[in-house]
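The exercises below go through pockets, a cavity and a surface patch. Try each task before reading its solution.

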Amino acid sequence: AAIAIKGNTLYLLQVYGATVPDSANVLKTLGVDHALLLDGGGSSAMISDGVYKIGPGRTIPNAVLVQVLP
């Protein structure tokens with residue numbers, strides 16, 4: 001899992017079954033300006049508009065929240 005920025009675009013990624021080098025290659029291919037690699041193990045999940053897109057992972061008390069403002 002990773003969070004990355006390219007210009008004014010925010011990327012939230014979950015690359016299924018990827019190693020750290022695999023994830024780095026995806027980020028390089030996207031040409032991002034800045035990136036932060038996150039734990040992509042069994043604790044990973046992604047929710048958008050109240051619906052799981054990936055997961056749910058294990059119950060853990062950590063989250064990265066993104067709010068899009070008009």
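**Exercise 1.** Is Ile3 buried or exposed?

Solution. The model is predicted, so local features need pLDDT of at least 70 and side-chain atom pairs pLDDT 80 or more, while totals for chains, interfaces and linings use all residues. Residues are numbered from 1 along each chain as its sequence is written, and side-chain values use heavy atoms, without hydrogens and water.

Step 1: locate Ile3, which sits in strand β1; strands are DSSP runs of E with at least two residues, numbered from the N terminus.
Step 2: recall the classes: buried means under 20% relative accessible area, exposed over 50%, and partly exposed in between, with a 1.4 Å probe and protein chains only.
Step 3: Ile3 is buried because its relative accessible area is 19%.

**Exercise 2.** Which residues make the nonpolar surface patch of about 700 Å²?

Solution. Step 1: a patch takes residues with over 30% relative accessible area and no salt bridge, and joins nonpolar side chains (Val, Leu, Ile, Met, Phe, Trp, Tyr) within 5 Å. A salt bridge is a side-chain nitrogen of Lys or Arg within 4 Å of a carboxyl oxygen of Asp or Glu.
Step 2: the patch consists of Ile5, Leu10, Leu12, Leu36, Leu38, Val64, Val66 and Val68.
Step 3: take one of these, Leu38, in the loop between β3 (34-37) and β4. Leu38 is partly exposed, since its relative accessible area is 31%.

**Exercise 3.** Describe the largest pocket and its lining.

Solution. Step 1: on a 1 Å grid over the protein atoms alone, a pocket is an open set of points with protein on both sides within 12 Å along at least five of seven lines, whereas a cavity is a set where a 1.4 Å probe fits but cannot get out; lining residues have an atom within 4 Å of a point.
Step 2: the volume of the largest pocket is about 960 Å³.
Step 3: its lining has 31 residues, with Ala45, Met46, Ile47, Ala63 and Val64 nearest the centre. Two or more lining residues come from each of β1 (2-6), β2 (9-13), β4 (46-48) and β5 (51-54).

**Exercise 4.** Which residues line the largest cavity?

Solution. Step 1: the structure has one cavity of 30 Å³ or more.
Step 2: the space in the largest cavity is about 30 Å³.
Step 3: Ala1, Ala2, Leu13, Val15, Ser23 and Leu27 line the largest cavity.

Terms used. Points joined across faces, edges and corners; volume = space filled by probe spheres on them. Helix = DSSP H or I, 4+ residues; strand = E, 2+ residues; numbered from the N terminus. Patch = residues over 30% accessible without salt bridge, like charges linked within 9 Å, V, L, I, M, F, W, Y side chains within 5 Å. Areas by Shrake-Rupley, 256 points an atom, 1.4 Å probe, with all protein chains shown as cover.
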